[in-house]
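Here are some short exercises to help you get to know a new structure. Try each task yourself before reading its solution.

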Amino acid sequence: MADETSIPIPGQIRVVTSLTNPTIKEIRALSLPKFRKESGLFVTEGMKLVADAVEEDWPIRILVYGAKVANHPVVQRVAQRAHARGGDVLEVSEAVLAKITRRENPQMVVGVFEQRLTDPQTIRPGPAGVWVALEGIKDPGNLGTIIRTSDAVGAEGVILVGDTVDPFGVEAVRATMGSIFHMPLARLSVADFFEWRKRWPGIVVGTHLSGKHDYRAVDYDKPVLLLMGNEQSGIDDRFAAACDTLVKIPQVGRADSLNLAIATGVMLFEIRRDRLKLA
Ligand SMILES: C[S@@+](CC[C@H](N)C(=O)[O-])C[C@H]1O[C@@H](n2cnc3c(N)ncnc32)[C@H](O)[C@@H]1O
């Protein structure tokens, strides 16, 4: 084993206890959008999520684990695979993990992975394919929950339009519960979205509080692009005009709208129900 002052040597585990170690500082910096953008990297926490990602061949740059799980067979396997891919492997104290994760009771395993986005021009939905397009979503918890729900319902991917929050931020990644590694994600500027949308081979369904159609009355018998609006302002007029249909989820009670991630879940499971012709 090498100590914390050494430069990474392929195949060697470095033991790090200093909170000011440069690699630890780099990992902490990934909480800032600027450094995620510059480096193209992001952080995932938790033994299962990191192990699953490594098993699925996501490029891992740095693996960090707590000394007390050093002998865990999963950690040993992940460390081996990280080394095999040229990753840096650090065995650290709990204080270092707490510093990295900014939590008092930190997860014992943290991975730094390369970000991956799908080129929107390569998207070819299947005949029953569903993609979710999110316009200007601001809340990382909502975004992560939508990615997780899209994965759970078998949607093909999520498109982030315009000024939508970064899916690779810590809070969004946590909320995906690992689906960040399973769901294709693409980004489009607002202008590019309108061009791209013209080539969508199915229907574009927007959700709107004043939508004309009940969401259960639509035939989702073609590839669906489901457009969801911003938490505060909803879908703006230009996006509404780009939809083939605007649907509403009828509400009872006094709440003026549903939470965005809940509304997305309701829509996605209705599309699935309609496709499977379930009661
Ligand atoms: C919190 S709502 C936005 C509320 C906003 N004040 C508005 O007027 O649209 C966020 C998004 O969730 C979806 N949504 C929430 N409740 C809905 C409902 N009852 N029917 C259809 N879509 C809904 C829409 O996509 C909406 O843009």
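**Exercises: a pocket and its ligand**

**Exercise 1.** Sort the lining of the largest pocket by residue class.

*Solution.* Sorted by class, this lining holds eight nonpolar, 10 polar and two charged residues. Keep in mind that the model is a predicted one.

**Exercise 2.** Describe the space in the largest pocket and find the residues nearest its centre.

*Solution.* Start with the space: the largest pocket holds about 420 Å³. Next, look at the walls, where 20 residues form the lining. Nearest the centre are Thr207, Leu209, Gly234, Ser257 and Leu258. Finally, turn to the elements: β12 and α10 are those that give two or more residues to this lining.

**Exercise 3.** Where does the ligand sit, and which residues come nearest?

*Solution.* First, place the ligand: it sits in the largest pocket. Then look around it, where 18 residues form the surroundings, with Thr207, Gln232, Ile249, Gln251 and Leu258 coming nearest. By class, the shell has eight nonpolar, eight polar and two charged residues. β12 (245-248) and α10 (260-276) each contribute at least two residues to this shell.

**Exercise 4.** Find polar contacts of the ligand, using a cut-off of 3.5 Å between N or O atoms.

*Solution.* Begin with the side chain of glutamine 251: one of its N or O atoms is 2.8 Å from a nitrogen atom of the ligand. Move on to leucine 258, where a polar backbone atom lies 3.0 Å from a ligand nitrogen. Then check glycine 229, which has a polar backbone atom 3.1 Å from a ligand oxygen. As a last step, consider the ligand's surface: taken alone it exposes 560 Å², and the protein buries 86% of that.

Note on methods:
Residues are numbered from 1 along each chain as its sequence is written. This is a predicted model: local features need pLDDT of at least 70, side-chain atom pairs count only at pLDDT 80 or more; totals for chains, interfaces and linings use all residues. Side-chain values use heavy atoms; hydrogens and water are left out. A residue is near a molecule or strand if one of its heavy atoms lies within 4 Å of it. A polar contact is a pair of N or O atoms within 3.5 Å; within protein, one must be able to donate a hydrogen and the other to accept it, and residues adjacent in sequence count only if both atoms are side-chain atoms. Accessible areas come from the Shrake-Rupley method with a 1.4 Å probe; for residues, only the protein chains shown count as cover. On a 1 Å grid over the protein atoms alone, a cavity is a set of points where a 1.4 Å probe fits but cannot get out, and a pocket is an open set with protein on both sides within 12 Å along at least five of seven lines; lining residues have an atom within 4 Å of a point. A molecule sits in a cavity or pocket if more than half of its atoms lie within 2 Å of its grid points. Helices (H or I, at least four residues) and strands (E, at least two) are DSSP runs, numbered from the N terminus. Ala, Val, Leu, Ile, Met, Phe, Trp, Tyr, Cys and Pro count as nonpolar, Asp, Glu, Lys and Arg as charged, and the others, Gly among them, as polar. Grid points are joined across faces, edges and corners, and a volume is the space filled by probe spheres set on the points.
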